[in-house]
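Q: Could you walk me through this model? I'll start with a helix and then move on to the cysteines.

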Amino acid sequence: MDLETQTVPASQGRAFRMNAGQFARITNTHGHQVVDTWAVAEPDPFEVSSMDHTRSVNSNIFFTEGMSVQSSRRRPMLTMVADSAKLRHDTLLCPCSAELYQQLGCTEYHRSCTDNFHEALAQANGECAFTPASLNLFMNVPVASDGTVDRLPPATAAGDYVVFRADMDLVLVLSACPQDITPINGAARTPMDVAVSITNAFPLEGAQ
């Protein structure tokens, strides 16, 4: 199957319109890259992906293959129908922001997933008055029995991918996380680009 592949450049965000029933394949091209992920309903921009409802409906703090991303109106938006690495994706940590990088010691502007979300949505002629919590694809955030969380490099390799099915008409917003201070994007702490393919049919394994 030939897929038209687009790129989300390192440290940048992009938005992709999807019709209900379409599929999005998100490939960790180089490995070790976290992808902050949101969905915004069309034509209602006030209905957005909600990690609160997603955790509640799935009864899990992690997100795995077969689960659905729920909207702020508790409706299914995206279902993960394939995950080559069989990961537990993070739903807990917030998208990085200017304030976070200031706390990490940055004194000049640093790109963030928060900015990427709003910039990408604006390029798709959309807007949101706030920054929803993100589904953090490929992010490795183990949770200890006492409730503490850690931040480890992704347990992924180059070419690992996930596939989502859109359960409604929506805008899919992706950010190739710009984090280069902590090892959340791998030990090299170097953000990389990711590949995205939108298709009407289920993307077969190994399709490029």
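Q: Which residues are buried in helix H1 (residues 51-58)?
A: This is a predicted model, in which local features need pLDDT of at least 70, side-chain atom pairs count only at pLDDT 80 or more, and totals for chains, interfaces and linings use all residues. Residues are numbered from 1 along each chain as its sequence is written, and side-chain values use heavy atoms, with hydrogens and water left out. In H1, the buried residues are Met51, Thr54 and Asn58, where buried means under 20% relative accessible area with a 1.4 Å probe, protein chains only. Seen down the helix axis, the buried residues of H1 fall within an arc of 55 degrees, so they line one face; the arc is taken from the directions from the axis to the C-beta atoms.

Q: And what covers the buried residues of H1?
A: The cover includes strands E5 (62-63), E6 (68-70) and E9 (135-137); helices (H or I, at least four residues) and strands (E, at least two) are DSSP runs numbered from the N terminus.

Q: Changing topic, how many disulfides are there?
A: The count is zero, a disulfide being a pair of cysteine sulfur atoms within 2.5 Å.

Q: Why no bond for cysteine 113?
A: Its closest cysteine sulfur, in cysteine 96, is 3.7 Å from the sulfur of cysteine 113, which is too far for a bond.

Q: What about cysteine 128, is that one buried or exposed?
A: Cysteine 128 is buried, at 13% relative accessible area, and its sulfur is 15 Å from the closest cysteine sulfur, in cysteine 113, so that pair is too far apart for a bond.

Note on methods:
Buried means under 20% relative accessible area, exposed over 50%, partly exposed in between (1.4 Å probe, protein chains only). Contact means heavy atoms within 4.5 Å.
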